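Let's take a friendly walk through a protein model, going from the whole fold down to single residues. Keep the 3D view open as you read.

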Amino acid sequence: MKRLLYIYMVLGMMMTSCTLETSDNGNLDGMWLMQTVDTLSTGGTADVREQFISWSFQVHMMQLRHPKHILDFHFQHEGNLLILKDALIDDRMTGDPIVTDVEVLKEVGLSQLQDTFSIVSLDSENLDIANRQYRYHFRKN
């Protein structure tokens, strides 16, 4: 009997000692490979599949992998809005510095330190988002 009580106590402590952060991002969570980028002002389209640009979403963090930089963002996903903010350069050797120069973001196809996108379409395989300048097309990896 004492052994069973001990097991229940240990299980109880384990259940209360840690909390799991869960995500309510639905289909957005996971790794997305960028396929094309449309420039809204000109109607032009660039095929970027060969650059292997990915955006990975988990809980409230997004990692953007680009041939020039790896950046980590906090993001908010509310309805059909996606807000990227608080960008960090993923570089453990320098302490993951905060991005304060918008030129770093321009190198990866973004234009503002905090950028808001509308989610044009999202399902388990495809993601299309747009801001004021570009429309990005992704497929799930």
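## The overall fold

From start to end, the elements of the protein chain come in the order α-β-β-β-β-β-β-α-β-β-β. That makes two helices and nine strands. Please keep in mind that this is a predicted model.

Of the 141 residues in the protein chain, 31% are buried. The area that the protein chain exposes is about 9,200 Å², and carbon and sulfur atoms supply 55% of that area. Contacts also tell us about the fold: among those between residues at least 6 apart in sequence, 45% join residues at least 24 apart.

## The nonpolar core

In soluble globular proteins, nonpolar side chains tend to be buried together. Which residues touch the most other members of the largest nonpolar core here? They are Trp55, Phe57, Phe73, Leu110 and Ile129, out of 27 residues in that core.

Try finding Phe57 in the view. Leaving out residues up to four places away in sequence, Phe57 touches Leu28, Asp29, Gly30, Trp32, Met62, Phe75, Leu82 and Leu127.

## Two strand residues to compare

Is Gln35 buried or exposed? Gln35 has a relative accessible area of 17%, and the limit for buried is under 20%, so Gln35 counts as buried. This residue is part of strand β1, which covers residues 30–39. Apart from neighbours within four places in sequence, Gln35 is in contact with Ala46, Asp47, Val48, Arg49, His137, Phe138 and Arg139.

Ser118 sits in strand β7, residues 115–122. With a relative accessible area of 32%, Ser118 is partly exposed. Not counting residues up to four places away in sequence, Ser118 touches Asn80, Leu81, Asp128, Ile129 and Ala130. One of these, Ile129, was named above as a core residue. There is also a pair to look for across the chain: Ser118 and Gly79 are 39 residues apart along the sequence, and their C-alpha atoms are separated by 9.2 Å.

## Salt bridges

Side chains of opposite charge can pair when their charged atoms come close. How many salt bridges does a search of the whole structure find? The search finds five.

One of them joins Asp47 and Arg49, with the closest N and O atoms 2.4 Å apart. Asp47 is partly exposed at 45% relative accessibility, and Arg49 is partly exposed at 45% as well. Both residues are also among the contacts of Gln35. Another salt bridge links Glu103 and Lys106, at 3.5 Å from N to O. These two are about one helical turn from each other, because they are three residues apart in helix α2 (residues 102–106). Glu103 is partly exposed at 42% relative accessibility, and Lys106 is partly exposed at 46%.

Arg92 and Asp96 form a salt bridge too, their closest N and O atoms being 2.5 Å apart. Arg92 is exposed, at 59% relative accessibility, whereas Asp96 is buried, at 18%. Salt bridges link Asp90, Arg92 and Asp96 in a network.

## The largest pocket

Rolling a probe the size of a water molecule over the atoms shows where empty space is left. In this model, the largest pocket has a volume of about 160 Å³. It is lined by 13 residues, and those closest to its centre are Met34, Val37, Val48, Val108 and Gly109.

Which strand gives the most to the lining of the largest pocket? That is β1, with three residues. Strands β1 and β9 (134–140) each supply at least two residues of the lining.

## Backbone angles worth a look

Most residues other than glycine have a negative phi, and most peptide bonds are trans. Phe52 has a positive phi, near 50 degrees, and is not a glycine. Look for Phe52 in the loop between β2 (45–47) and β3 (54–58). Phe52 is exposed, with a relative accessible area of 60%.

Asp96 is another residue other than glycine with a positive phi, about 50 degrees. Its place is in the loop between β6 (81–89) and α2. You have met Asp96 already, as the buried partner of Arg92 in a salt bridge.

Key: Residues are numbered from 1 along each chain as its sequence is written. This is a predicted model: local features need pLDDT of at least 70, side-chain atom pairs count only at pLDDT 80 or more; totals for chains, interfaces and linings use all residues. Side-chain values use heavy atoms; hydrogens and water are left out. Helices (H or I, at least four residues) and strands (E, at least two) are DSSP runs, numbered from the N terminus. Buried means under 20% relative accessible area, exposed over 50%, partly exposed in between (1.4 Å probe, protein chains only). Contact means heavy atoms within 4.5 Å. Accessible areas come from the Shrake-Rupley method with a 1.4 Å probe; for residues, only the protein chains shown count as cover. A nonpolar core is a set of buried Ala, Val, Leu, Ile, Met, Phe, Trp, Tyr and Cys residues joined through side-chain atoms within 4.5 Å. A salt bridge is a side-chain nitrogen of Lys or Arg within 4 Å of a carboxyl oxygen of Asp or Glu. On a 1 Å grid over the protein atoms alone, a cavity is a set of points where a 1.4 Å probe fits but cannot get out, and a pocket is an open set with protein on both sides within 12 Å along at least five of seven lines; lining residues have an atom within 4 Å of a point. Grid points are joined across faces, edges and corners, and a volume is the space filled by probe spheres set on the points.
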